[in-house]
Structures are given as structure tokens and as C-alpha cells.
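Trainee: I am new to this structure and would like a close look at a single part of it. Please take one side chain as the starting point and work outwards from there.

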Amino acid sequence: MTICVCGSINADRILHIDQVPTVGATVAAKNLTVGPGGKGANQAVAAARAGAPVAFIGQHGDDEAGDLLRHAIMAEGIDCRGLRQVTGPSGQAMILLQDDGDNAIVVHGGANTTWTGLDPEQAAIIAGSRALLLQREIPLNIITQAATIAREAGVPVILDAGGSLTPVATDLLALVDLFSPNRSELAACLDRELPDDEDDLIEQATEWCDSVANATGRMPDLLLKNGAAGSCYIHRDAAGHFERIHRQPALKVPVRDTTGAGDCFTATYLVARTIEGLPIDDAMRFASAAAALCIGRDGALPSMPHRADIDALL
């Protein structure tokens, strides 16, 4: 059975610069590259290259970028029956990429933001999948509709918090089985700055999980992506408290471009854990290796590693 990814697809315009400009400053770019991206498309390609059958649900415009995006997804062998062309521009992302691999990104949602609802064919694809992977670069009503369809069909729902730095609504979390934020996204959910100490960070994350569970009756497991510090997985113990913790250090590799690394991690964890049935620790190690390969390459979607490369690094 397939992984269904419902999310954004963008044309990425990457400007290679020495340093992200401050307010009022002008800097010269050393190079400009254009390619496919968007959190949804990145994750669909990451999962497909890691060896999973994938279906993608999204929207692109009727412009030249839309043709580029559709062809890029289809070239990966991804089921595109749920990918729609709509009137207007495709989503666009302007990525300011520094030499050290750090970046700043500005997104114009374009066709990603004009969705009014999932059609019957898209709903059937979700209901017939092995797992549903969502992000937050598409409208909240679409995310909620997709998660509801999956929940009613007994399909596990994974929500990557990427795409917005606003808190995630508790009614959406109630539809989710696994919630995966990065450090900044978790800080937005907790509405506070997070400590640098990893133990203190995990303690605050577990307290938040317990507070949401106590208030709503349900809280998904938490898969936290913490950049160079690695990742951790927090889930309930036998008493129902969020105290079972798995940690995975990040692999130390040269960094070229961190764009898409979080997308790669979440998607490849899902492949290893849900499709292949690996234990949590092994799935995190697999995802860490995939993300390490991703940051060693330029671009977002093009940097997603193939399975043979992941296995070789492990």
C-alpha cells in the first residue's frame, strides 16, 4: 500500500549568496537556480526514493512552472492522479542560500493556497493509503479534511509542522497519530523560547504533550527534529504519560544546503517505521542518514537521497 502525501508543490528559485541581507541592505547573488520543491513535493520524492510507493495530492498553476512541477513528480514514479492543475500561478519559493548551508525562505503559495476542498478521487486515494503525510503549506481546511478522511478510514496520520510558525490547533492534533515539528515550530506551539540544553528541551516538550493530552483527551506521539543536535521521539509509557524517549544524534557531515532536510527526515522515518515496520530507534537512524545525505547536496527536492545511498551510509 502507498504513502499518500497531501501538500504543497512549488518552483524553488535559489539565490546563492554570502550572507542573508539585513533590513535595508542589498547583496549580490553569485548564482540563481530554479527547480521543483515545496514541502509536500519534497516529502513525496523523499519517500519514493527511499523505496516506498507514493501517491501525491496537490495543486499547481497553469503556468510554465506548473508543467515543470508535474513532470518532476511524475519522473519519480509517483502516482499523480490526485495532482490538479488550476487557473493561476503555481507556488513559488525564493530561497536565499548562504555558503554555510543556512538559508532564509520566502514563499508565495500560489495554487497551493486556492484549494477549496478535496474531490472524491483525492478522498479515495487518502482512504486507500497505508499512511497520510501532511504539512502546513496548504490551507488548514484541506489539512483538516484530509486528516478526517484518513482517520475515518483507519489510516495513520502524520503531521509535519513545517510551513507555518503558528501553533497547531488542538482539534487538528486530535486527528493526528504522529506530530513532527522542528525546534522553531515546537517553540511556536509552546509559545516560548526553548532552552539550549537538550534535557531541558525534552522536559518542556513532554510537559506540553501531557498538558495537551490532559486538556483534550488525545495527543499524538512527538518526533522532534532539532537540527545539528539530532532528533528525539516522545511517546506514552504504560501509565499514559509522555515519558518514553528515543534519541538519535545527527550524523556529522559537511553541510552544503539545509533546505528540505526536515522534509527528508520526516518522510524517510515514515517509510522505515510504517511501511517497513522497523523499530523506532532503527527508523530514526535511517531518517538521520537520509537527512545527512540531503544536507550534503544542493537544492531541496533534487537533494532527496536514493535508497542505495542511504543503505550505504548506514
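Is Tyr269 buried or exposed, and at what relative accessibility?

Mentor: The model is predicted, and what follows is computed from it. Tyr269 has a relative accessibility of 3%, so the residue counts as buried, the limit for that word being under 20%.

Tyr269 has an aromatic partner. The rings of Tyr233 and Tyr269 have centres 6.0 Å apart, and their planes make an angle of 35 degrees. Planes under 30 degrees apart would count as stacked and over 60 as edge-to-face, so at 35 degrees this pair is tilted. Tyr233 is part of strand 12, residues 231–236, while Tyr269 is part of helix 8, so the pair ties together parts that are 36 residues apart in sequence. Tyr233 is buried as well, because its relative accessibility is 6%.

The count of aromatic pairs comes to two. In the other pair, Phe179 and Trp208, the ring centres are 6.1 Å apart and the planes stand at 50 degrees, so this pair is tilted. Phe179 sits in strand 10 (residues 178–180) and Trp208 in helix 7 (residues 198–216), so parts 29 residues apart in sequence are tied together. Both Phe179 and Trp208 are buried.

Back to helix 8, the helix that holds Tyr269. Helix 8 packs against helix 1 at an angle of about 40 degrees, and the two axes are 8 Å apart. That angle makes helix 1 oblique to helix 8. The crossing of the two helices is right-handed. From helix 1 the contact uses Lys39, Asn42, Gln43, Ala46 and Ala47; from helix 8 it uses Asp263, Cys264, Thr266, Ala267, Thr268 and Val271.

Two of these contact residues, Lys39 and Asp263, also form a salt bridge. The closest N and O atoms of Asp263 and Lys39 are 3.1 Å apart. Asp263 belongs to helix 8 (residues 261–275) and Lys39 to helix 1 (residues 39–49), so the bridge ties together parts that are 224 residues apart in sequence. Asp263 has a relative accessible area of 3%, so this residue is buried.

Helix 1 also holds Gly40. With a relative accessibility of 0%, Gly40 counts as buried. Apart from its neighbours within four places in sequence, Gly40 is in contact with Val5, Gly7, Ser8, Phe56 and Gln135. The C-alpha atoms of Gly40 and Cys6 are separated by 6.3 Å, although the two residues are 34 residues apart along the chain.

Some features elsewhere can be set beside this part. The salt bridges number 18 in the model. One of them joins Lys30 to Asp18, with 3.0 Å between the closest N and O atoms. Both Lys30 and Asp18 are in the loop between strand 2 (10–17) and strand 3 (31–37), and they are 12 residues apart. Unlike the buried Asp263, Asp18 counts as exposed, at 54% relative accessibility. Asp18, Lys30 and Asp99 are linked in a network of salt bridges.

Another salt bridge is formed by Asp79 and Arg81, whose closest N and O atoms are 2.8 Å apart. Asp79 is partly exposed, with a relative accessible area of 24%. Arg81 is also partly exposed, at 47% relative accessibility.

A second helix packing involves helix 3 (residues 120–127) and helix 4 (residues 140–153). These two pack at an angle of about 50 degrees, with axes 9 Å apart. Helix 3 and helix 4 are therefore oblique to each other, and their crossing is right-handed. Helix 3 contributes Ala123, Ile126 and Ala127 to the contact, and helix 4 contributes Ala146, Ile149, Ala150 and Ala153.

One backbone feature remains. Most residues other than glycine have a negative phi. Asp191 is not a glycine, yet its phi is positive, at about 60 degrees. Asp191 is located in the loop between helix 6 (183–190) and helix 7. Its relative accessible area is 69%, so Asp191 is exposed.

To return to the starting point: Tyr269 is buried at 3% relative accessibility, its ring pairs with that of Tyr233, and helix 8, where Tyr269 lies, packs against helix 1.

Key. Residues are numbered from 1 along each chain as its sequence is written. This is a predicted model: local features need pLDDT of at least 70, side-chain atom pairs count only at pLDDT 80 or more; totals for chains, interfaces and linings use all residues. Side-chain values use heavy atoms; hydrogens and water are left out. A salt bridge is a side-chain nitrogen of Lys or Arg within 4 Å of a carboxyl oxygen of Asp or Glu. Helices (H or I, at least four residues) and strands (E, at least two) are DSSP runs, numbered from the N terminus. Buried means under 20% relative accessible area, exposed over 50%, partly exposed in between (1.4 Å probe, protein chains only). Rings of Phe, Tyr and Trp (its six-membered ring) pair if their centres lie within 6.5 Å; planes under 30 degrees apart count as stacked, over 60 as edge-to-face and the rest as tilted. Axes are lines fitted to C-alpha atoms, for helices over the stretch in contact, and angles run from 0 to 180 degrees between N-to-C directions. Angles under 35 degrees count as roughly parallel, over 145 as roughly antiparallel, 65 to 115 as roughly perpendicular and the rest as oblique. A crossing is left-handed if the near helix is turned anticlockwise from the far one by less than a right angle, and right-handed if clockwise. Contact means heavy atoms within 4.5 Å.
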